[in-house]
Amino acid sequence: EQEEPRIMAYINQDRAMLADFAAGIPIYAPLGEIIYGRPISKSGDPTQWVHTKTFFLALCYGADYKKLHEIDPSIPLDQAQEGYIRLMARYPGLLQHYRSTVRLLRATGQVRDYFQRRRLIPKVYAMSRWDAEAGYREGANFLIQAPAASVMKRAMRRVWDQLHAEHLQARILITIYDELVLECPDEELDRVAAIMYPMTEG
């Protein structure tokens, strides 16, 4: 659940975000409350929840308050700016992530994710500011999405190994972002659920 924010919090050691996760607070709830000025929930406010999630990811990749207004035009620019300032104050790791990525890319032209997977991004040295900024966003994206992909691959392997170890008929069908879809006989459902629940832990 909320894989990208968890990775962001971990790799940047944002204390407030880590504390919210440790307390069981869905990270988009406080983000949404700051943006909309009232508590929101995934079930009660699905549109605002999606807007908040989209804006969070945009912040990771260097967006500013104008992006929030673009995502949800019903939010005036001054309200978007106020929300942005408050978000940065609560979760400084969001801005630090992008700025540190830019510094690293300017110095080396490459980034390495948590698992030491490397990506070269030569476009950060392009004469075009547009191309260079696109490179910075790619680097910031890579540092979050690459570990997310690795976690999913490790989880898939763990699930596959356990299904075979227990001689179950269940099989993995497909991955959808941070979800894994399986097919199994009805009588295996409880056991497969028990295998799936902790698949990304450890």
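Strands β3 (residues 171-176) and β4 (residues 179-183) run antiparallel and are joined by 5 bridges, where strands are DSSP runs of E with at least two residues, helices are runs of H or I with at least four, both numbered from the N terminus, and two strands pair if DSSP finds at least two bridges between them. Following the pair along its length, Arg-171 stands opposite Glu-183 in β4, while Ile-176 stands opposite Glu-179 in β4. The two strands form a hairpin with 2 residues between them, and Tyr-177 in the turn has a positive phi of about 55°.

This is a predicted model, in which local features need pLDDT of at least 70, side-chain atom pairs count only at pLDDT 80 or more, and totals for chains, interfaces and linings use all residues. Residues are numbered from 1 along each chain as its sequence is written, and side-chain values use heavy atoms, with hydrogens and water left out. The mean pLDDT (the predictor's confidence in each residue, from 0 to 100) of the protein chain is 90, and 99% of its residues reach 70 or more.

Turning to the interior, the largest nonpolar core has 44 residues, and those with the most contacts inside it are Met-17, Phe-55, Phe-56, Leu-87 and Leu-94. Such a core is a set of buried Ala, Val, Leu, Ile, Met, Phe, Trp, Tyr and Cys residues joined through side-chain atoms within 4.5 Å, buried meaning under 20% relative accessible area with a 1.4 Å probe and protein chains only. Helices including α1, α4 (46-60) and α8 (129-165) each supply at least two residues of this core, and its largest share, 8 residues, comes from α8. Apart from it lies another core, of 9 residues, among them Ala-155, Val-159, Leu-180 and Ile-195.

A charged residue completes the tour: Glu-4, found in helix α1 (residues 3-12), is buried yet has no salt bridge, that is, no side-chain nitrogen of Lys or Arg within 4 Å of its carboxyl oxygens. The nearest side chain of opposite charge, Lys-53, is 5.3 Å away. Leaving aside its neighbours within four places in sequence, Glu-4 is in contact (heavy atoms within 4.5 Å) with Phe-56, Leu-57, Ile-144 and Gln-145.

Definitions and conventions. Buried means under 20% relative accessible area, exposed over 50%, partly exposed in between (1.4 Å probe, protein chains only). Lys and Arg count as positive and Asp and Glu as negative; His and the chain ends are not counted.
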